[in-house]
Amino acid sequence: MLSVISFFFFFKQKTAYEMLRSLVGSEMCIRDRFTDGSKMEVDEMVACTGYHLSYNFLPIDLIKHTFLEYQVPAQDSNDPQANPTVRHMSLYNRVMHPEYPTLNFFAQLSTIGNEAAVGEMQARWVVSMLSGGKAAASTNLQQIRDECHKNVHKVQQRKPLFPGFANYVKYMDQLATQIGCLPPNPLQLRTWWNDWKLAKWLLFGPVVSAQYRLLGPQSDYKKARATLQACYSLSLIHI
């Protein structure tokens, strides 16, 4: 899909957060006033932002070439101790270890979209890679290593505060393209000619994992289409 779809998804997600208490998610953890005006008395409020990424259960030789740790200068302080420490694991497609392709990490990222759906798509991509599917056809181990080393160098130079953040729609489409399960393009006339209702749901509905079950491996067009219709109908109710 094109970037315009990514923008629309962000807008719809923002609207959903504002409209539904059940979808507020992390906002409920950091304030006692909800978006619908209601309040809740609490003893303490815990913001789950203080964890440090670590893989202590893995031998150091497995991660020493891919695990990065650096400090980002704090914007409002000259104290070096106030600089946040960032830890990041450089993986191929944010999933696969460059030296041991059977070692994979799922949902080790942050995104505006559904991270559970991202984890599912990553699992499908790994299956395609390890089983000799389409994802593995144009990739070899040396390419994986080169890409990861290139990413390590880029992160070390730029030192981003959130290196694990990914554009939800762009990343999902990237994996889907490699798997071979990219949905029909709703911006193409052919999609509207073949199934105008589906084209409408894809263009104006929320981005969910069902649209990546329309085509390609492990697909079920009928069930995926019905799910997209239901998601589109629910989005109209709450917006």
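Before I place any residue, a word on the naming I will use: helices and strands here are DSSP runs, helices of at least four residues and strands of at least two, and they are numbered from the N terminus. With that in hand, I can say that F165 is found in the loop between α6, residues 141-158, and α7, residues 168-179. Please keep in mind throughout that this is a predicted model.

Let me begin with the chain as a whole. The protein chain has 10 helices and two strands, and if you read along the sequence the order is α-α-α-β-β-α-α-α-α-α-α-α. Of its 239 residues, 36% count as buried. If we take the contacts with a separation of 6 or more, 61% of them are accounted for by residues 24 or more positions apart. The chain exposes about 14800 Å², and carbon and sulfur atoms supply 56% of that area.

Let me return to F165 and the surface. At 40% relative accessibility F165 counts as partly exposed, because that value falls between the 20% limit for buried and the 50% limit for exposed. F165 belongs to a nonpolar patch on the surface, formed with I112, L161 and F162, and together these residues have about 390 Å² of accessible area.

P160 is found in that loop between α6 and α7 as well, and P160 is partly exposed, with a relative accessible area of 26%. Which residues does P160 contact, once its neighbours within four places in sequence are left aside? They are Y70, V72, V86 and V155. The C-alpha atoms of P160 and Q71 are separated by 9.4 Å, although these two residues are 89 apart along the chain.

Now to the interior. In soluble globular proteins, nonpolar side chains tend to be buried together. In this model the largest nonpolar core has 25 residues, and those with the most contacts inside it are M121, W125, M129, Y168, Y171, M172 and Y212. The elements that give two or more residues to this core are α4, α5 (134-137), α6 and α7, and of these α7 gives the most, with seven residues. Apart from this core lies another one, of eight residues, among them W201, A210, L228 and Y232.

Y171, from the larger core, deserves a closer look. Not counting residues up to four places away in sequence, Y171 touches N93, R94, V95, L109, V118, Q122 and A166.

W125 appears again when we turn to aromatic rings, where a search of the whole structure finds one aromatic pair. Its members are Y92 and W125, whose ring centres are 5.8 Å apart and whose planes stand at 45 degrees, so the pair counts as tilted. This pair links distant parts of the chain, since Y92 sits in the loop between β2 (85-89) and α4 (115-130) while W125 sits in helix α4, 33 residues apart. Are these two residues buried or exposed? Both Y92 and W125 are buried.

Finally, the charged pairs. Side chains of opposite charge can pair when their charged atoms come close. The structure holds four salt bridges, and I will go through some of them.

One is between R145 and E99, with the closest N and O atoms 3.3 Å apart. R145 lies in helix α6 and E99 in the loop between β2 and α4, so this pair ties together parts that are 46 residues apart in sequence. R145 is partly exposed at 24% relative accessibility, and E99 is partly exposed as well, with a value of 30%.

Another joins the side chains of R213 and E120, at 2.7 Å from N to O. Here R213 is in the loop between α9 (196-204) and α10 (221-238), and E120 is in helix α4, 93 residues apart. R213 is partly exposed, with a relative accessible area of 24%, and E120 is partly exposed too, with 29%.

A further salt bridge is formed by D195 and R225, whose closest N and O atoms are 2.8 Å apart. D195 lies in the loop between α8 (189-194) and α9, whereas R225 lies in helix α10, 30 residues apart. D195 is buried, with a relative accessible area of 14%, while R225 counts as partly exposed at 23%.

Conventions. Residues are numbered from 1 along each chain as its sequence is written. This is a predicted model: local features need pLDDT of at least 70, side-chain atom pairs count only at pLDDT 80 or more; totals for chains, interfaces and linings use all residues. Side-chain values use heavy atoms; hydrogens and water are left out. Buried means under 20% relative accessible area, exposed over 50%, partly exposed in between (1.4 Å probe, protein chains only). Contact means heavy atoms within 4.5 Å. Accessible areas come from the Shrake-Rupley method with a 1.4 Å probe; for residues, only the protein chains shown count as cover. Patches are made of residues with over 30% relative accessible area and no salt bridge: like charges are joined within 9 Å, nonpolar side chains (Val, Leu, Ile, Met, Phe, Trp, Tyr) within 5 Å. Rings of Phe, Tyr and Trp (its six-membered ring) pair if their centres lie within 6.5 Å; planes under 30 degrees apart count as stacked, over 60 as edge-to-face and the rest as tilted. A nonpolar core is a set of buried Ala, Val, Leu, Ile, Met, Phe, Trp, Tyr and Cys residues joined through side-chain atoms within 4.5 Å.
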